[in-house]
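Subject: Structure handover

Hello,

Here is the structure I said I would pass on. Please open it next to this email and follow along as you read.

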Amino acid sequence: MRKTLERRAPRSEYTSPRQLSLSWFETPFYNLLDPNNRCVFLCTQIPGDNLVSLFYRHNPAKQSSRPALNLRVLIGSLIIKHILNLDDWQAVAQITENM
């Protein structure tokens, strides 16, 4: 029997929010974000780069495993879950509803 090779999705890479951005290349959605929104404000207060490096230090990426989520999405979803005191299913419903 011939062994088939698995085709995996490309691994998502972490992009720092401090990465240089081009002001003329912003999406309309990004331009409409209210800086007073609690989630937008919280995003500016969380040290995302430090959390991601800490996560990778304790959970190194493996080449044989499934591609990882963007860690900002993972950390943000955990924060939403705990701030709103939701269980896992409610957190998923809340996030998918607001995407």
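In which helix is Cys 43 found? Cys 43 sits in helix α2, which covers residues 38–45. With a relative accessible area of 40%, Cys 43 is partly exposed, because that value falls between the 20% limit for buried and the 50% limit for exposed. Its C-alpha atom is 8.3 Å from the C-alpha atom of Gly 76, although the two residues are 33 residues apart along the chain.

Before going further, note that this is a predicted model. The mean pLDDT of the protein is 75, and 64% of its residues reach 70 or more. Among the elements, helix α5 (residues 88–97) has the highest mean pLDDT, at 88, and helix α1 (residues 28–31) has the lowest, at 66. Where pLDDT is low, the predicted coordinates should not be read in detail.

Now the overall layout. The protein contains five helices and zero strands, so its pattern along the sequence reads α-α-α-α-α. It has 99 residues, of which 6% count as buried. If you take the contacts with a separation of 6 or more, 66% of them are between residues 24 or more positions apart.

One packed pair of helices deserves a look. Helix α3 (residues 48–58) packs against helix α4 (residues 71–83) at an angle of about 100 degrees, and their axes are 10 Å apart. An angle from 65 to 115 degrees counts as roughly perpendicular, so that is the word for α3 relative to α4. Which residues meet there? From α3 they are Leu 51, Val 52, Phe 55 and Tyr 56, and from α4 they are Leu 71, Leu 74 and Ile 75.

Two of these α3 residues appear again in the aromatic count. The structure holds one aromatic pair. Phe 55 and Tyr 56 form this pair, with 6.2 Å from centre to centre and 65 degrees between the planes, which makes the pair edge-to-face. Are these two residues buried, partly exposed or exposed? Phe 55 counts as partly exposed at 32% relative accessibility, and Tyr 56 is also partly exposed, with a relative accessible area of 31%.

Further along the chain is the loop between α4 and α5, where Asn 85 has its place. Phi of Asn 85 is near 55 degrees, a positive value in a residue other than glycine. Asn 85 is exposed, because its relative accessible area of 69% is over the 50% limit.

Last, the charged side chains. How many salt bridges does the count come to? The count comes to one salt bridge. Asp 88 forms a salt bridge with Lys 81, and the closest N and O atoms are 2.7 Å apart.

Regards

Key. Residues are numbered from 1 along each chain as its sequence is written. This is a predicted model: local features need pLDDT of at least 70, side-chain atom pairs count only at pLDDT 80 or more; totals for chains, interfaces and linings use all residues. Side-chain values use heavy atoms; hydrogens and water are left out. A salt bridge is a side-chain nitrogen of Lys or Arg within 4 Å of a carboxyl oxygen of Asp or Glu. pLDDT is the predictor's confidence in each residue, from 0 to 100. Helices (H or I, at least four residues) and strands (E, at least two) are DSSP runs, numbered from the N terminus. Rings of Phe, Tyr and Trp (its six-membered ring) pair if their centres lie within 6.5 Å; planes under 30 degrees apart count as stacked, over 60 as edge-to-face and the rest as tilted. Buried means under 20% relative accessible area, exposed over 50%, partly exposed in between (1.4 Å probe, protein chains only). Axes are lines fitted to C-alpha atoms, for helices over the stretch in contact, and angles run from 0 to 180 degrees between N-to-C directions. Angles under 35 degrees count as roughly parallel, over 145 as roughly antiparallel, 65 to 115 as roughly perpendicular and the rest as oblique. Contact means heavy atoms within 4.5 Å.
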